[in-house]
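Trainee: I have a structure open and don't know where to start. Can we go through it together?
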Amino acid sequence: MLNFLKGYIPCLLFLSSVLVVNGQEQDDCSNQYFFNLYKDTANQPYIAGMAPCTQNGIISVGWTNKTGTDDVTDGFICRVDQQGNLMWMKLVKDAGNERLFSITLLSDGNYAAFGITNTYFFIIKFNEGGDIIWRKQYEASITKELVGGKLKEDITGELILVGNFIEDGLSFQNRILYLKTTNEGNLILSKYYYPLGLSLIGAKDFTLKDGFTYAVGQTYETNGFRGIIMKINNTTGNVSWIKAFDLNGGSLDFVQVFNYSNNSLCITGQGNFPSSSSIYIIDTAGKCTKANFFEVVSGTQRFFPTSTMSFNYELFLSYSETSSSLVSDVFRLVQIDPNKGILKQYKLDKDLIPTVTNALTNTDGSIYFCGFKQFPSVDYQMFIGKLSAGGDAACPTSPTALVFKTATQKSSFLNWQTKTKIFLPQTPSIKLFNTNLPTITSLCDVSIKNNCDTIKIHQLKSACSILDTVKLSAYLSPGCATPIRWSFSEAAVQSFNKSTDTSISLVFNKAWQGYVYADITLSCVTLKDSVLINISNPLEKPDLGKDTVICPDAKIILHLSNLYNSYRWFDGSVEARYTVNQPGTYGVLVTDACGLGYTDTIVVLSPGDMTFELGADRNKCANDTISITAPGGFSNYNWSPALNLSNQNAQTATVFPVKNTTYYVQAEKFHCPVIDSVKVLIVNTTTIHLGSDTAICQGDSIQLDVGLGFKSYSWSNGEEIRNISVKNKGIYSVAAKDINDCVIRDTLEIVGVNSAAKIQLPQDGSICRNTTKLLDAGPSFTTYNWNTGETSQSIVVTKPGLYWISALDQNHCRATDSVIITGLKDLPQRFLPVDTGICEYETIYIKAASAYKTYFWNTGATSQGISISKTGFYWLTVTRNDGCVGSDTINISPKQCLTGFYAPSAFTPNNDGLNDIFRPIIGGNITEYFFSIYNRFGQKIFETKNLSDGWNGTLKGIQQNPGVFVWQCGYRLNNQQAVLKKGTIVLLR
């Protein structure tokens, strides 16, 4: 509400009459508020939109409602000054049926307007004098079906158009168009949005915020209309989300949207078509944070919201009220704070203003509204009205009884389709033509006399502190009804309440000195008065602090803020500071600028006994540590120097200096400090060195000796002698007391008892004759000593005898071993057969006579025997299991052997070992061979391809009867032609 009141801007008009103000003559102007009808029977203008002029007044757009011609409508632009005079009016003409729907004031002081024709839609930019700067038309594929829209300028200077059109051959609008152009009208992007299936949708208004467009309107669903809001990204044109709302479970239509706070929007609309009007607060994520509606207490009136003006957190809403017959007949103005409800409401008397189409707040703070009045038949005429900044009218008004209620609402996100629509901007042939100005008739037949000539502020209740409430009242001349406008520093005011039309109450949130103003704006003069307000911060009660302790020979300064007006201490002192130098009770009385008195008291106590002594100096042996304990009953001990000291902040500190050192300790009692010191003297002592930690070999021992110059000894194993012998793993320590009774200590650790690595020489035995034997002690040693005098890891021996080794490992542990070589063993010999001969086509098998561990033939074979097909010398080397190696040789010489083919004529298979097998004999190197036998019936009873196989007189294990059998034999000798032989054999039993 504070911002709303501050937003009023006086409007100064200059007319001819004189008004006396505070004893001085002033120019008196005609009443600055008006309701005018602009009647043009030929053109019948219909006003659709308004924008404020930079020099007050408005510029309006719309179209004419001509009849009887093909060119039924023309767009128009007109300018009306702040007194309601029509300065100029121009028609917008091209191919026909031009209509202007929306106008916006641009950041450069010019204007842009959006309209349609029979074949395209267009945007024109013009100045305040109605001269066109540029014009753009856009491709006409949807133009015939475009049914309106609104145009606004983004903070970037780009133009954004949101409109509605019809597609798919329907009779109702089913698409929402989003178009963005440069400030020269060149297309940047265009999109359109629609739900799945056929549905009536429409966008009626939009606002721009933080790079997004928030468009509102309606969509029709099976259960009725729902209000919609959609969030569109201005960079891409893509929809972030779409959400639909209802009102009290019924239908809802969103009409207008505007920025309400940093992160929320206010949306006005109508519900239940249209029995009530709604106000929704919705954040930028689509969440409804507040939903309200208002309606008449009784009756059948209905409300159509036409426009909303916002002064930050308060709203002026203009509504057309209709009766049940739906004939528009009343204009209502409602001032609303969404958090408090209805602040002001009235309606103009019946038939004064039929239908309002738009409203706005001008730069002077006044409210303009416009619309049309339908006369008998189809005669439409436009009107424009102006209200005061407080919403007061120049025409008679009547009170109303609207009630403001909390609404129930449901909402859901919608999923619509998005498509890109390409338009090709062109320059249309649109031109502006001056036209005759309509006749102006005032709709108000009652003038308001201004009786105001005085305003004076009275402070009803004085105030000094911000805890007080400042109450002010402004005195006006009797009969003066002009609203009072109050202004003050908003930053200093915590809350503001308008008690009556002339009285206010202020509560301040900080110390402040300044003026509060009250003024009223007359026709062309502003009357003002002011009052100086001085608000002080409420001073807190003086605080001398908590009760405390005063240290011996110390002082305490009690210091109070210098903001108090007076000070009086218990002893009569009157300064803001007071010095305490002994225990006692101290009190003070202070008063602030508003005459309020405050007291406080503090008790100052004695700390008690502060004796603090460490005692006599201390002696310390060189390697010892000593503990020094400070007196008890104190806190925050702190020892120094920190070098060679532990437990620095404890009552008892442990010190181990290497030279004479004085140690200090500080402490506190009730924050009173004390300090003392003690000197620690170093006594020189001898040292003990048992040696370095070591390991010993198993079976060995070492001597640990303290040395001379000590009075007593104490070993960790219980011994009390100068030296001890140790041979086991462990830690051995000694404490010896010297002649100064200083105890000197040392420690040695036997880290381990090591066992030497084992030497594994061969067992006692003999060696092979004419060979050597390797004796190897192994790689685990660092030094070797053989009885032969050699110092290598291994030696080679060739004769019997005793051999021994002594070796040291890396731990210097010794190991020994020995071996006796008892004699020489003979080598293997004569293990191959005697020399022999071989036919040139023959293969023989030679085998060693005895089994040995390994075999190696001069042919490379490693088996016990080999097959031989060639003459020559063959030798074999064998190794016995005892390792002795020997060789033998055999000579294979050529011999004369059987050649040709021979087959016997009879055989006797009676298993007597003589002539039991029948097979042919072939002399020579046979490379191919087969042999088969048939009985007298021609049945094959035997067949083989192996030269060593023959027939035993059976078939499948059954002996054959004696008789004659036919045989056949085929063979090939090496490098000769194949031979086939046939014959008979007699089987005898």
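Mentor: We will take the disulfides, then the cores and strands, then some unusual backbone spots, and keep in mind that this is a predicted model.

Trainee: OK, disulfides. How many are there in the whole structure?

Mentor: A search of the whole structure finds 4. One of them joins Cys-551 and Cys-672, with the sulfur atoms 1.9 Å apart.

Trainee: Which parts of the chain does that pair link?

Mentor: Distant ones, 121 residues apart. Cys-551 is in the loop between strands S44 and S45, while Cys-672 is in strand S56.

Trainee: And is the disulfide of Cys-551 and Cys-672 left-handed or right-handed, and why?

Mentor: The torsion about the S-S bond is about -95 degrees, so the disulfide is left-handed.

Trainee: Are those two cysteines buried or exposed?

Mentor: Cys-551 counts as buried at 16% relative accessibility, and Cys-672 counts as buried at 0%.

Trainee: What about Cys-621, which cysteine is it joined to?

Mentor: Cys-621 is joined to Cys-742, S to S 1.9 Å. Cys-621 sits in strand S50 and Cys-742 in the loop between S61 and S62, so this pair ties together parts that are 121 residues apart in sequence. The link is left-handed, with -80 degrees about the S-S bond, and both cysteines are buried.

Trainee: Give me one more.

Mentor: Cys-697 and Cys-813 form a disulfide with sulfur atoms 1.8 Å apart. Cys-697 is in strand S57 and Cys-813 in the loop between S67 and S68, 116 residues apart. This link is left-handed too, at -100 degrees. Cys-697 is buried, with a relative accessible area of 9%, and Cys-813 counts as buried at 2%.

Trainee: Why does Cys-370 have no bond to the closest cysteine?

Mentor: The closest cysteine sulfur, in Cys-78, is 9.1 Å from the sulfur of Cys-370, which is too far for a bond. Cys-370 counts as buried, at 0% relative accessibility.

Trainee: Different topic. Which residues touch the most other members in the largest nonpolar core?

Mentor: That core has 26 residues, and the ones touching the most other members are Leu-472, Trp-486, Leu-506, Phe-508, Val-516 and Ile-533. Strands S37, S38, S40, S41, S42 and S43 each give two or more residues to this core. Another core, of 23 residues, lies apart from it; Leu-106, Ile-123, Trp-134 and Leu-151 are among its members.

Trainee: What is Val-516 in contact with?

Mentor: Leaving aside neighbours within four places in sequence, the contacts of Val-516 include Ile-457, Leu-472, Trp-486, Leu-506 and Ile-533.

Trainee: Now strand S8. Why is it called largely enclosed?

Mentor: 5 of the 7 residues of S8 are buried, so the strand is largely enclosed by the rest of the structure. S8 pairs with S9 in the antiparallel sense over 6 bridges; Leu-100, for instance, has Gly-115 as its bridge partner in S9. The hairpin has 5 residues between these strands, and there Gly-109 takes a positive phi near 90 degrees.

Trainee: In what order do the strands of the sheet with S51 come?

Mentor: The order is S51-S54-S53, in an open sheet with antiparallel pairing. S51 and S53 stand at the edges with a single partner strand each, so one side of each is left without a neighbour in the sheet. S51 is joined to S54 by 4 bridges, and one bridge partner pair is Ile-626 with Val-655.

Trainee: And the unusual backbone spots, where are they?

Mentor: Start with the background: most residues other than glycine have a negative phi, and most peptide bonds are trans. Ser-640 and Pro-641 are joined by a cis peptide bond, with omega about 0 degrees. Pro-641 lies in the loop between S52 and S53, and so does Asn-644. Asn-644 has a positive phi near 55 degrees. Gln-44 is not a glycine either, and its phi is positive at about 50 degrees; that residue lies in the loop between S3 and S4.

Trainee: Is Gln-44 buried or exposed? And Asn-644?

Mentor: Gln-44 counts as buried at 8% relative accessibility. Asn-644, at 22%, counts as partly exposed.

Trainee: Last one. Which side chain of opposite charge is nearest to Asp-154?

Mentor: Lys-180, 6.2 Å away; Asp-154 is buried yet has no salt bridge. Asp-154 lies in the loop between S12 and S13, and beyond its sequence neighbours up to four places away it touches Ile-160, Leu-208 and Asn-234.

Conventions:
Residues are numbered from 1 along each chain as its sequence is written. This is a predicted model: local features need pLDDT of at least 70, side-chain atom pairs count only at pLDDT 80 or more; totals for chains, interfaces and linings use all residues. Side-chain values use heavy atoms; hydrogens and water are left out. Two strands pair if DSSP finds at least two bridges between them. A nonpolar core is a set of buried Ala, Val, Leu, Ile, Met, Phe, Trp, Tyr and Cys residues joined through side-chain atoms within 4.5 Å. Buried means under 20% relative accessible area, exposed over 50%, partly exposed in between (1.4 Å probe, protein chains only). Contact means heavy atoms within 4.5 Å. Lys and Arg count as positive and Asp and Glu as negative; His and the chain ends are not counted. A salt bridge is a side-chain nitrogen of Lys or Arg within 4 Å of a carboxyl oxygen of Asp or Glu. A disulfide is a pair of cysteine sulfur atoms within 2.5 Å.
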